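Me: I want a close look at one part of this model. Please start with one helix pair, then place it in the chain.

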Amino acid sequence: MALTGDLTTFNFADILQVLAKDRKNGVLLVEWKDMIVAYYIKEGELVFARPVDKVFRVYTDRNFEQLLAKLRIKKEDIHKTIDRFFLPRLGQKEGIFSFTPGFIKFDSDVPVFYPVEDLIMRASRLLTPEEVDRKISDELLVFEKMPDADVKVSKIKLTEEEKKVLSLVDGSKTVADIRKEADMDRLTVDRSLYGFLAAGIIRRKRKERVQKPSITLDLLSKIIEKIKQL
Amino acid sequence: MKELKKIKIVIAGPFAAGKTQFINTVSEIKTVTTERKTSAAVEKNVKDYTTVAMDFGKIRIDDEHELYLFGTPGQSRFDFMWEILGEGALGIIVLVDSTDPKTFHEARRIINFFQSRFPVPIVVGANKQDLPNAWPPEDVKFALDITDEEGIPVIPLSAKNKEEVKKTLLTLLEIIRYSLESP
């Protein structure tokens, strides 16, 4: 099943987050206003970008190594296609995307020049206030670091501001506390939190459930039986 | 006549996620709706009428109890109703239109709203799985930032399909049972 959507409402930080979480393989096709670009995703990492004049051409090349040979591109140079066809477009919001999983065969040694966590942070730095509000919607939210946060952070060149924001995430401070203590503009704080969340560096802290359901087990069993019989 | 005791489950979700349909599919009465013509241009493109206060359907459990399914209005301008309807709910089902990723952030906002106010079990229903461009439930889960630690299952369904609606309700009820049985 394809994942499709519009960049105005589902930005690159969000798209890469979904692809990275499940370590997907496939091709992300983006129809920009001026061109169509196929982005090749290997185990959740963006490894190659290729403009195409016709969409069907993407689906005729099912072997990545043969595709590179056909295009006369060396493996060590494939990141240059990301420099040219992805990074300059991170801030562009007009485009339709669709991701088709699984049809392309990759070799095991495709190099990853830009780790997905790094690309997610780059995308987050360009988000508008309206976009950051989608994830950082409540100033009472509390975040905590993921157990493998250090591993992911080591793949990113964080800015000094981002380092400071990350140091304030401790599982007890609210977004409002972090905004106040960071002593920088709110958009920078929120963009950082958005990026950390999308890159899997932090997560929402789960509230402990204290409320027992106000119902007896007998009555609940009756409800379950009734629903089954509907 | 003895008044029946009411048990409440809330069906929440963004605009046009399929909440009224979900209730219609299993309610034993014709769903009571508070619909008005959509006013915003962007909403008119999606559907002609929308819930403005609540919908409800009900299922008779025994001689003393009825299960009410309350549907919330989808637009956040009616979020005062979410608070009213969430009070005393046994659990919450948040429906998402799996074909419309622009509503996923709003769905997460709704989950945050209920999580912070009502510490009851939540299940997400990834609705409209019968449509060709529906996102798979596992991707809806990632897009909604739902972590395993949150304990919120994402159930694929079509709200028009009775068995799938029942399965979603039963998933929520089983989580409630687990929470009752655990020390």
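Which is the crossing of H8(A) and H9(A), left-handed or right-handed?

Reply: H8(A) and H9(A) cross in a right-handed sense (the near helix is turned clockwise from the far one by less than a right angle; anticlockwise would be left-handed). This is a predicted model, in which local features need pLDDT of at least 70 and side-chain atom pairs count only at pLDDT 80 or more, while totals for chains, interfaces and linings use all residues. Residues are numbered from 1 along each chain as its sequence is written, and chains are lettered from A and ligands numbered from 1 in the order in which they are written. Helices (H or I, at least four residues) and strands (E, at least two) are DSSP runs, numbered from the N terminus.

First, the geometry of the pair. The axes of H8(A) and H9(A) lie 10 Å apart, at an angle of about 135°. Axes here are lines fitted to C-alpha atoms, for helices over the stretch in contact, and angles run from 0 to 180 degrees between N-to-C directions. H8(A) and H9(A) are therefore oblique to each other (under 35 degrees is roughly parallel, over 145 roughly antiparallel, 65 to 115 roughly perpendicular, the rest oblique). From H8(A), A:Lys164, A:Val165 and A:Leu168 make the contact; from H9(A), the partners are A:Ile178, A:Glu181 and A:Ala182 (contact means C-beta atoms, placed from the backbone, within 7 Å). By class, this contact holds 4 nonpolar, no polar and 2 charged residues. Ala, Val, Leu, Ile, Met, Phe, Trp, Tyr, Cys and Pro count as nonpolar, Asp, Glu, Lys and Arg as charged, and the others, Gly among them, as polar.

Now the faces of H8(A). This helix spans residues 160-168, and A:Glu162, A:Val165 and A:Leu166 are buried in it. A residue is buried with 20 or more other C-beta atoms within 10 Å of its own, exposed with 12 or fewer, and partly exposed in between, with C-beta atoms placed from the backbone. Viewed down the axis, the buried residues of H8(A) fall within an arc of 100°, so they line one face of the helix (the arc is that of the directions from the helix axis to the C-beta atoms). Turned away from that side is a face with the exposed residues A:Glu160, A:Lys163 and A:Ser167. The buried residues of H8(A) pack against H9 (175-182) and also H10 (186-198) of chain A.

H10 leads to another helix. It is among the elements covering the buried residues of H5(A), which include H1, strand E4 (45-52) and helix H7 (149-153) as well. H5(A) has 8 of its 9 residues buried, so it is largely enclosed by the rest of the structure. Those buried residues are A:Val116, A:Glu117, A:Leu119, A:Ile120, A:Met121, A:Arg122, A:Ala123 and A:Ser124.

Take H1 next. The axes of H1 (residues 12-21) and H5 (residues 116-124) of chain A come within 8 Å and cross at roughly 160°. That makes H1(A) roughly antiparallel to H5(A). Their crossing is left-handed. A:Phe12, A:Ala13, A:Leu16, A:Gln17 and A:Ala20 of H1(A) meet A:Val116, A:Leu119, A:Ile120, A:Ala123 and A:Ser124 of H5(A). This contact has 8 nonpolar, 2 polar and no charged residues.

A strand residue also touches this region. A:Ile202 sits in strand E7 (residues 202-204) of chain A. With 22 C-beta neighbours inside 10 Å, A:Ile202 counts as buried. Beyond four places in sequence, the contacts of A:Ile202 include A:Ala149, A:Val169, A:Phe196 and A:Leu197.

Finally, the whole chain. Chain A has 11 helices and 7 strands. Its C-alpha atoms fill a box of roughly 65 × 55 × 35 Å along the principal axes. Of its 230 residues, 36% are buried. Among contacts between residues at least 6 apart in sequence, 78% join residues at least 24 apart.

Chain A also meets a partner: 39 of its residues are in contact with 38 residues of chain B. Strand E1 (3-6), H1, helix H6 (129-135) and helix H11 (217-229) of chain A each supply at least two residues of that side. H11(A) gives the largest share, 9 residues. By class, the side of chain A that touches chain B has 18 nonpolar, 6 polar and 15 charged residues.

Note on methods:
Two residues are in contact if their C-beta atoms, placed from the backbone, lie within 7 Å.
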